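Reader: I'd like to learn how to read a model like this one, feature by feature. Could you walk me through it?

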Number of protein chains: 4
Amino acid sequence: MGDQRVIIRMQQNSSTNDLAKLFHTLEKKGFMARYVPYRDDCFVMVEGRVDRDLALQGIPGVEEVISTSNPFPLASLELTNGKHSTVEILPGLNIGGGHKLVMAGPCAVESRDQILECARSVKKAGASILRGGAFKPRTNPYSFQGLGSEGIALLAEARKITGLPVISEVMSMETIEWMMPHVDILQVGARNMQNFPLLKALGKVDKPVMLKRGPMATVDEWLQAAEYILLGGNRRVILCERGIRGVETRTRNTLDLNIVPLVKSLSHLPVVVDPSHGTGIRELVAPMSLAALAAGADGLIVEVHPKPEEALSDGMQSLTTLQFSALMKSIAKLMPALEVFREGEEPCHSVTVM
Amino acid sequence: MGDQRVIIRMQQNSSTNDLAKLFHTLEKKGFMARYVPYRDDCFVMVEGRVDRDLALQGIPGVEEVISTSNPFPLASLELTNGKHSTVEILPGLNIGGGHKLVMAGPCAVESRDQILECARSVKKAGASILRGGAFKPRTNPYSFQGLGSEGIALLAEARKITGLPVISEVMSMETIEWMMPHVDILQVGARNMQNFPLLKALGKVDKPVMLKRGPMATVDEWLQAAEYILLGGNRRVILCERGIRGVETRTRNTLDLNIVPLVKSLSHLPVVVDPSHGTGIRELVAPMSLAALAAGADGLIVEVHPKPEEALSDGMQSLTTLQFSALMKSIAKLMPALEVFREGEEPCHSVTVM
Amino acid sequence: MGDQRVIIRMQQNSSTNDLAKLFHTLEKKGFMARYVPYRDDCFVMVEGRVDRDLALQGIPGVEEVISTSNPFPLASLELTNGKHSTVEILPGLNIGGGHKLVMAGPCAVESRDQILECARSVKKAGASILRGGAFKPRTNPYSFQGLGSEGIALLAEARKITGLPVISEVMSMETIEWMMPHVDILQVGARNMQNFPLLKALGKVDKPVMLKRGPMATVDEWLQAAEYILLGGNRRVILCERGIRGVETRTRNTLDLNIVPLVKSLSHLPVVVDPSHGTGIRELVAPMSLAALAAGADGLIVEVHPKPEEALSDGMQSLTTLQFSALMKSIAKLMPALEVFREGEEPCHSVTVM
Amino acid sequence: MGDQRVIIRMQQNSSTNDLAKLFHTLEKKGFMARYVPYRDDCFVMVEGRVDRDLALQGIPGVEEVISTSNPFPLASLELTNGKHSTVEILPGLNIGGGHKLVMAGPCAVESRDQILECARSVKKAGASILRGGAFKPRTNPYSFQGLGSEGIALLAEARKITGLPVISEVMSMETIEWMMPHVDILQVGARNMQNFPLLKALGKVDKPVMLKRGPMATVDEWLQAAEYILLGGNRRVILCERGIRGVETRTRNTLDLNIVPLVKSLSHLPVVVDPSHGTGIRELVAPMSLAALAAGADGLIVEVHPKPEEALSDGMQSLTTLQFSALMKSIAKLMPALEVFREGEEPCHSVTVM
């Protein structure tokens with residue numbers, strides 16, 4: 001076993017009595033344990049590193065003893081025996097484990113007209129989820145900081161009218177509670193990837209969280225950040241690659257597609273790619289969207305603006321609605337060619353989404 | 001003027017009537033303005049970019065019209081006419097503008113004995129401020145997360161006993177208020193450099209803030225982060241370089257001393273250097289401390305631990321109390337040799353601190 | 001015109017008399033010029049920056065006056081009026097301008113058996129070109145440095161037996177001449193991207209050159225390195241992305257696919273992608289190969305070894321012959337799905353190559 | 001011993017007979033060996049990794065058996081039992097092991113007047129060596145490429161007139177031989193750090209070589225590049241840090257001073273720092289020069305130009321002769337303050353050089 005962490009999955013019908021006995025058994029072996037309150041499953045994590053076989057098989061209520069050398073046991077592929085997770089966004093709308101989807105919309109909610117026009121057109125083109133920022137993390141304090149609560153209200157209205165679920169960024173713990181009724185996925189921005197109090201708070205939330213990779217984070221740091229959310233009990237974590245600080249100065253960031261197959265070999269969590277921030281150049285968004293899917297991404301999040309030249313932020317990297325529609329057609333043609341050769345992967349379960 | 005921002009400094013004895021007239025004058029010229037509630041001085045910032053001479057000289061109450069092309073007007077050296085600011089930590093204890101000091105202590109507060117022993121020895125060696133983390137941002141959720149409120153209480157006790165002022169990291173807005181009575185400088189960690197809600201909250205606080213540079217942040221991004229705090233009205237901002245992600249893998253980070261003279265050519269804010277995080281290797285801390293001061297840093301923040309080999313975090317980069325004492329002696333010898341040749345700089349006002 | 005460079009394309013039937021007159025005309029206007037001896041075309045480049053219309057239209061022999069603000073005029077897309085170049089490797093075997101192909105083989109030539117077995121199997125799987133290093137640039141002087149001239153002889157034998165053209169790395173000017181008869185493409189390794197004497201020597205060679213991007217080079221630096229070769233008169237330059245130094249430590253390099261569409265928007269030169277060095281992990285090679293083609297790459301160069309576990313170098317990133325064969329099948333399925341949606345691009349001219 | 005390399009130092013008066021016996025002994029133990037023709041000393045390196053005690057003590061002619069886990073045994077500090085090497089440039093002019101010196105001069109030799117004026121003024125200010133490029137590696141093929149052989153002739157003249165030894169960059173093997181009589185140190189530029197054929201050629205040369213660190217090279221890669229030269233028999237290798245590609249875009253490079261004490265803990269070779277390329281900004285050169293010496297550098301190489309605003313290359317980062325003279329005065333004041341506290345280091349042997 002060596003430098004391992006151990007997680008015990010309890011049987012579905014195990015009792016709290018079983019749990020108490022397990023803790024007692026571990027204690028006698030000299031180990032502290034931690035109950036991890038996952039929604040569907042019950043896990044017990046042994047504290048610290050475990051250097052020997054704990055001989056827990058056969059103890060009442062114990063279904064499986066999972067051992068992993070990763071510092072992110074709950075995010076690891078070992079937890080799921082190599083099966084990639086499906087994250088349910090809403091009943092009938094899933095991502096991961098063969099379900100692929102596209103999120104699209106403007107960088108920032110700017111006005112009622114803008115968000116409604118955008119929502120309608122991305123829905124028509126085949127997007128499954130509407131993106132739009134109400135709280136914008138801006139490098140400069142004098143830049144447009146988003147519409148705030150007004151922006152959330154406009155997103156809620158666009159959701160009601162189009163039926164599209166909504167993803168929006170949460171920048172602080174204070175705003176989580178009142179965003180909850182209006183947003184279907186809470187997004188953690190790249191700058192907040194290691195905002196640990198925020199991650200801990202999101203671990204307690206009954207809503208999927210999309211965690212963007214920090215611009216200089218390694219995959220290990222990213223998966224440990226995800227572990228903060230998972231450890232709180234929220235199992236619905238989606239990862240999002242949005243580019244790192246690379247060498248090239250003509251592009252805004254360097255989209256790191258290597259990490260798509262890399263994460264899939266390490267973790268069961270779905271991976272979405274953001275080619276808009278990952279390139280910063282409108283003309284590069286379509287080819288890099290296709291490249292991301294070819295690399296195995298579970299979804300895309302794309303910036304679309306009815307009039308990119310008038311956008312208050314990120315206009316340079318936003319597709320027009322026409323360009324987005326063309327991209328969705330290209331994706332529809334690409335997907336069957338990709339499905340064929342991914343042997344050993346889960347088949348694609350949901351085709352309506354694109 | 002061109003692509004400029006304009007700030008107006010009001011005279012010390014200007015009246016609110018003067019202020020109202022100035023706003024009215026700007027309005028007639030087509031400009032919105034923003035009152036910036038600085039503690040000693042009163043500033044008015046003209047919104048947006050200003051492409052012409054506003055012809056405000058001679059208007060009652062206007063002392064000076066400051067123009068800068070930097071996106072960080074309040075942090076810029078233009079604001080102070082090229083003079084570096086002195087930040088008062090406590091009456092009689094200053095940093096910047098010729099005042100230099102050393103902060104030292106353990107990475108994390110671990111126990112009463114540890115923090116007291118450390119506080120006493122760093123004071124004896126000549127440190128001016130005690131550092132110690134109560135809330136630790138840790139990459140891994142299973143790592144020691146700091147003693148929290150208990151750690152703050154222990155710091156407060158060490159402060160009371162030794163008389164050393166205390167610097168400690170604030171990780172979330174929630175904890176600011178109750179850290180206030182016990183801490184003399186609030187530190188923003190590198191991972192939170194662009195946690196904008198936190199920066200905004202710290203702009204409202206009557207306490208110096210030390211803002212660490214993010215491991216991949218440019219100087220412009222860093223100074224704009226400082227601008228968030230300054231814009232809230234808190235003028236006591238100290239910058240801290242702690243290393244970037246470089247090429248070398250044997251060191252934890254790459255200490256970027258270039259930015260010490262660079263920041264001094266752009267901003268009036270004091271710059272402290274953290275050679276402990278900047279190298280990650282105990283043996284490199286002393287030479288890089290001297291290098292930082294030779295490059296013009298206003299201070300150092302150094303990790304010291306009575307028993308580094310038993311430290312719960314960062315033991316590898318912590319000096320022993322003996323090593324720290326030797327370093328302080330080297331610094332005492334170095335400083336006079338440095339003071340001589342920095343023509344055009346403020347002379348060193350405070351010599352007791354080292 | 002402003003900060004522009006100017007290149008004049010002469011008509012196919014222009015005379016040296018025309019050329020002399022053009023130089024005389026430019027001289028009278030105060031400009032020096034440089035004759036660029038391109039194989040098929042004759043170009044005249046005006047020295048320095050040109051800030052006005054030279055009014056050269058109508059001068060005998062002048063076909064076209066090309067203006068570009070890029071520091072790489074001969075590599076720029078302006079030179080070709082936005083048309084991507086086809087580079088002829090051998091009669092009937094082309095890359096670029098719609099022609100796509102795969103190069104494959106071992107990192108280093110190790111033995112007669114190894115290179116022959118590998119050549120036969122990659123040919124059978126559909127590769128168009130055999131790769132194999134005889135001179136290996138190794139970080140450590142004690143590492144295997146390649147078989148040298150013996151390796152070239154073995155490559156020549158494999159070429160004769162299988163009919164596959166050969167690409168191999170040239171590390172110094174001395175070896176160019178005697179590699180010439182045995183190699184069909186001369187490769188410049190990433191470490192030599194800015195070995196300017198070598199690039200100048202390769203500009204005089206009648207053989208295609210594949211120029212790998214340095215691990216920290218920007219696209220502008222890379223295209224200027226290509227310009228050195230083009231300026232010497234060798235028009236057959238192929239670019240190759242092989243990964244940059246990124247953030248992630250689990251992968252050997254960070255494959256920067258952003259630059260595939262970026263280079264195609266700036267330059268007429270074909271772009272090949274090396275997913276083996278770009279990832280360093282065998283399992284990532286296939287998904288990143290597909291991603292590279294989806295991003296618009298003109299070709300791939302893939303490391304294949306009959307027994308990767310016994311390879312003297314790069315075994316971790318080499319595909320088995322079986323894996324390579326499976327990859328080629330995936331590519332064959334992917335290509336038609338990609339051809340459809342690339343409107344405005346050259347159609348795919350050559351299908352036999354994969 | 002484990003994952004070790006072994007080097008055997010022969011006694012000064014050992015015979016070739018002793019050597020033959022040692023090779024025979026090693027062969028019987030199953031090891032191949034390599035004779036390393038060092039100028040003063042005779043070394044025998046055992047090929048490959050050595051996993052056990054070779055029991056060579058007592059064999060005739062064997063003075064010492066050196067074991068190191070570094071991949072750069074000849075560059076390692078183990079080779080010299082922790083003593084830093086002194087490299088002799090000319091009789092009476094040394095660097096390393098307590099000898100410190102400053103090299104200064106223009107980026108490129110531009111004219112007779114320029115190089116003579118510069119040589120005279122840097123000599124007067126206290127520089128020990130004149131720098132000046134004749135062959136310039138330039139990113140753009142249309143940029144000034146240096147005066148070539150004419151530049152070398154002008155350097156030779158400046159050397160003759162002023163008596164200052166000369167350092168200049170060698171870009172290709174072809175030019176080594178005819179630079180030899182005119183140049184006292186051959187410089188390998190950052191782009192050529194891993195130009196292995198060039199490094200091998202320089203291993204055969206009887207002249208000191210200054211090897212610049214590549215802009216993205218780790219210290220291990222750098223020391224292995226130095227090992228190529230050392231392995232050829234040239235022991236006079238000087239390392240030069242000139243900045244890496246960092247985060248900051250306002251500076252040309254990020255001067256990585258961490259590596260000064262780091263290299264000194266790993267290798268016996270002297271380390272020079274180039275604050276001109278390391279910052280790219282004239283105003284930063286003086287503070288970073290002092291910082292480099294405070295960090296423990298053995299020397300500086302500084303760009304100085306009589307009229308920086310007219311320089312054909314690197315004018316922005318060149319000091320005026322007046323500024324250089326002021327810097328040398330600051331250095332003279334700094335050095336005694338630094339000498340005091342470096343316990344355990346070699347005392348400063350040469351004071352005349354600054």
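**Reading the model, pair by pair**

Author: Let's start with a charged pair: in chain C, the side chains of Asp206(C) and Arg236(C) form a salt bridge, with N to O at 3.1 Å. Keep in mind throughout that this is a predicted model.

Reader: Where do the two partners Asp206(C) and Arg236(C) sit along the chain?

Author: The general idea is that side chains of opposite charge can pair when their charged atoms come close. Here the pair links distant parts of the chain, 30 residues apart. Asp206(C) belongs to the loop between α5 (196-202) and β11 (209-212) of chain C, while Arg236(C) belongs to the loop between α6 (219-231) and β12 (237-241) of chain C.

Reader: And Arg236(C), is that one buried or exposed?

Author: Arg236(C) is buried, with a relative accessible area of 17%. Its partner Asp206(C) counts as partly exposed, because its relative accessibility is 47%.

Reader: How many salt bridges does the structure hold over all chains?

Author: There are 52 over all chains. One of them joins Asp298(A) and Lys264(A), at 2.7 Å from N to O. That pair also links distant parts of the chain, 34 residues apart: Asp298(A) is in the loop between α9 (282-294) and β14 (299-303) of chain A, and Lys264(A) is in helix α7 (residues 259-266) of chain A. Asp298(A) and Lys264(A) are both buried.

Reader: What about chain B: which residue forms a salt bridge with Glu241(B)?

Author: That's Arg213(B), with the closest N and O atoms 2.9 Å apart. Again the pair links distant parts of the chain, 28 residues apart, with Glu241(B) in strand β12 (residues 237-241) of chain B and Arg213(B) in the loop between β11 (209-212) and α6 (219-231) of chain B. Glu241(B) has a relative accessible area of 0%, so it is buried. Arg213(B) is buried too, with a relative accessible area of 0%. Over in chain A, Arg213(A), Glu241(A) and Asp256(A) are linked in a network of salt bridges.

Reader: Let's turn to nonpolar packing. Which residues touch the most other members of the largest nonpolar core?

Author: The general idea first: in soluble globular proteins, nonpolar side chains tend to be buried together. In this model the largest nonpolar core has 355 residues, and Phe324(A), Phe324(B), Phe324(C) and Phe324(D) touch the most other members. Setting aside residues up to four places away in sequence, Phe324(A) touches Val102(A), Ala104(A), Val122(A), Ala125(A), Ala127(A), Val302(A), Val304(A) and Leu319(A).

Reader: I've picked out Thr321(B) as well. Which residues is Thr321(B) in contact with?

Author: Leaving out neighbours within four places in sequence, Thr321(B) contacts Ser121(B), Val304(B), His305(B) and Pro306(B). Thr321(B) lies in helix α10 (residues 321-341) of chain B and is partly exposed, with a relative accessible area of 25%. For a sense of distance, the C-alpha atoms of Thr321(B) and Ser67(B) are separated by 48 Å, with those positions 254 residues apart along the chain.

Reader: Now backbone angles. Which loop holds Ala55(A)?

Author: Ala55(A) is in the loop between β3 (43-46) and β4 (62-68) of chain A. Its phi is positive, about 55 degrees, although Ala55(A) is not a glycine. Ala55(A) is partly exposed, at a relative accessible area of 47%. In chain C, Asn81(C) likewise has a positive phi of about 55 degrees without being a glycine. Asn81(C) sits in the loop between β4 (62-68) and β5 (87-90) of chain C, and counts as exposed at 57% relative accessibility.

Reader: How do I read the relation between chain D and chain B?

Author: Two copies of a chain are related by a rotation about an axis and a shift along it. Here a rotation of 180 degrees with 0.0 Å of shift along its axis superposes chain D on chain B, with an RMSD of 0.1 Å. The two copies are thus related as by a two-fold rotation axis. Of the residues of chain D, Ala291(D) comes closest to that axis, its C-alpha being at 2.0 Å. The copies meet through the same surface, because 100% of the interface residues of chain D are also interface residues in chain B.

Reader: Last one: where does pLDDT stay under 50 in chain A?

Author: Where pLDDT is low, the predicted coordinates should not be read in detail. In chain A that concerns residues 340-354, where pLDDT stays under 50 and the model has 35 contacts beyond four places in sequence. Chain A as a whole averages a pLDDT of 90, and 94% of the residues score at least 70. For the complex, the predictor gives an ipTM of 0.92 and a pTM of 0.91.

Note on methods: Residues numbered from 1 in each chain as written. Chains lettered and ligands numbered in written order. Predicted model: local features only at pLDDT ≥ 70, side-chain atom pairs only at ≥ 80, totals over all residues. Heavy atoms only, no water. pLDDT = per-residue confidence, 0-100. Contact = heavy atoms within 4.5 Å. Least-squares fit on C-alpha atoms with pLDDT ≥ 70 in both. Helix = DSSP H or I, 4+ residues; strand = E, 2+ residues; numbered from the N terminus. Buried < 20%, exposed > 50% of the residue type's maximum accessible area, 1.4 Å probe, protein only. Core = buried A, V, L, I, M, F, W, Y, C linked by side-chain atoms within 4.5 Å. Salt bridge = Lys/Arg side-chain N within 4 Å of Asp/Glu carboxyl O.
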